[in-house]
Amino acid sequence: MHNRPHKALFRLLRRLSDGRFHSGQALADEFGLSRSSIFNILAQAESMGLTVHAVRGRGYRMPESVEWLDDAVVARHMGTAASHYSIHVLDSVDSTNTTLMAAALEGAADGTLFCAEHQYTGRGRRGRQWHSVVGGSLTFSVLWRFESGLQSLAGLSLIVGLAIARAVNRHSRHMARLKWPNDILVDYRKLAGILVEVQGDMHGAAFAVVGVGLNVRLNETQRDAVDQAVVDLAEMEVTVGRNQLLADCLRELHAASNVFRHHGFAALREDWQALDAYAGRAVALTLPDSRSVQGVACGVDETGAFLLRDAQSNLSSYSGGEISLRLDGAR
C-alpha cells in the first residue's frame, strides 16, 4: 500500500481490536465522523492486509487481536537499558529511515528511535521496497552518532544483523543466521533486513540511521508481494509479543554498538561468523558493474568485507552496499 492512511485509522483499529462489535454509529459519534467515513476508513485497513468483520445490525470488529506497539511497555521490558533510547512509536510514516534522517539533520540526539505500525513507502537495500504489515511486522530505525568519523563505521550493518539475530534466537528453536552484508535468514529464507544510511565527515562528527524490518506474521497475499523467499516468526512458532521483541532488539543493539564504538567490527567478527549462513558454500557475487564472480564463501575480514575464494584458491575481499550475494546453483 502506497497511500497515506486516514489520520483516524489507527485509533479506530485500536478500538476494534478488543474483540467486541462496535456499531458504525457509535464509532461515528466517538470519532466525530460520518458513518460512511467510518466505512471508507476501515476499507483502508482491508487493503493493508487486516481483516475487519462488518455485520449488519452489530457493527465492526477485528477477529484477531493485535498487540499494538507502546513506548511505555517497550521501556518497561528494557529495564535500565531504556535510558539509552528516546522511543517514539508512530502510527504511519512514509519510511522510518526517511523520517529519522530528517530528524537527525535537525539535531536529534543519539539513541533516538522511531518505530512505526505502518510504512507506506518503506525502503530496503539497493532501492527495493520493504513491505511492512500492520500488526505483522516490526519496523524501526535508530540514530547513532559517532565522533570518530565515517571511516570508523566499517562493518556497522553486520553488527546490527548480529544483534537482531541474537534477539530472535532468544525466543526461537529455529536458528536465525546471517547473510552478508545485512540480512537475517532462517533456512535461507529472509526473516529480516537492515538498511544503514550514514552522513558526516570522514574523520569528524558523523551519524548512522539504522533501519530494521522484521517479519512477525505475513499472510499469503503479503508473502506473494515479496520477490524472494521469506519466513516469519509465526511460522517459526515464536510467540513473543512485539513490544518484548523490540525491547530485546534494542538491548542487543546497545550491547553490540557499545563494543563496536570502542573496538570496531573486529571485536565482533568471530561472533558474526558463528552465525554466517553462507560459510563454505558455493556463491556468486554480482558487482556494481554487473560482473559476476563465483567462488566459495569464506566469511568476512576484520573490516566486515566479504571473503571469496576462487577456483584457483585466491582469496579476495569485497565490500560495498551495491554488491548482491546469492548461492551459486550452478556449482
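Which residues of the largest nonpolar core touch the most other members? In this predicted model, they are Phe140 and Leu250, within a core of 69 residues.

## Nonpolar cores

Helix 6, spanning residues 156–169, gives the most to the largest core, with 10 residues. A second core, separate from it, has 21 residues, including Leu12, Ala28, Ile38 and Ala45. In soluble globular proteins, nonpolar side chains tend to be buried together.

The surroundings of Leu250 can be listed in full. With residues up to four places away in sequence left out, Leu250 touches Val74, Met78, Tyr85, Ile87, Leu113 and Phe140. Phe140 thus appears both as a contact of Leu250 and beside Leu250 as one of the two residues that touch the most other core members.

## The seven-stranded sheet

The model contains an open sheet of 7 strands with mixed pairing, in the order 3-4-5-9-8-7-6. Strand 3 (86–93) and strand 6 each have a single partner strand, so one side of each edge strand is without a neighbour in the sheet. On average, and with direction ignored, neighbouring strands are turned by 20° against each other.

Strand 4 (residues 112–119) and strand 5 (residues 137–146) run antiparallel and are joined by 4 bridges. Ser141 in strand 5 is the bridge partner of Phe114. Helix 8 (residues 242–263) lies across strand 3, strand 4, strand 5 and strand 9 (206–215), and runs at about 25° to strand 5.

## Helix 1 and its buried side

Helix 1, residues 9–16, has Leu9, Phe10, Leu12, Leu13 and Leu16 as buried residues. These residues lie on the same side of helix 1 because they cover an arc of only 155° around the axis. An α-helix has 3.6 residues a turn, so residues three or four places apart point the same way.

The buried residues of helix 1 pack against helix 2 (24–31) and helix 3 (35–47), and also against strand 2 (59–61), strand 3 and strand 4. Leu12, one of the buried residues of helix 1, is also among the members of the second core.

## Aromatic pairs

The structure holds 4 aromatic pairs. One of them joins Phe146 and Phe260: the ring centres are 6.4 Å apart and the planes stand at 80°, so the pair is edge-to-face. This pair links distant parts of the chain, with Phe146 in strand 5 and Phe260 in helix 8, 114 residues apart. Phe146 is buried at a relative accessible area of 5%, and Phe260 is buried at 4%.

Trp180 and Phe306 form a tilted pair, with 5.4 Å from centre to centre and 45° between the planes. Here too distant parts of the chain are linked: Trp180 is in the loop between strand 6 and strand 7, whereas Phe306 is in strand 12 (residues 306–309), 126 residues apart. Both Trp180 and Phe306 are buried.

## Backbone features in two loops

Trp180 also takes part in a cis peptide bond, which joins it to Pro181 with omega about 0°. Pro181 lies in the loop between strand 6 (177–179) and strand 7 (183–186).

The loop between strand 7 and strand 8 (189–200) contains Asp187, and Tyr188 is placed in the loop between strand 7 and strand 8 as well. Asp187 is not a glycine, yet has a positive phi of about 55°. Tyr188, likewise a residue other than glycine, has a positive phi near 65°. Asp187 is exposed, with a relative accessible area of 61%, whereas Tyr188 is partly exposed at 38% relative accessibility.

Conventions: Residues numbered from 1 in each chain as written. Predicted model: local features only at pLDDT ≥ 70, side-chain atom pairs only at ≥ 80, totals over all residues. Heavy atoms only, no water. Core = buried A, V, L, I, M, F, W, Y, C linked by side-chain atoms within 4.5 Å. Buried < 20%, exposed > 50% of the residue type's maximum accessible area, 1.4 Å probe, protein only. Contact = heavy atoms within 4.5 Å. Pairing = 2+ DSSP bridges. Axes fitted to C-alpha atoms, helices over the stretch in contact; angles between N-to-C directions. Arc of directions from axis to C-beta. Phe/Tyr/Trp six-rings, centres within 6.5 Å; stacked < 30°, edge-to-face > 60°.
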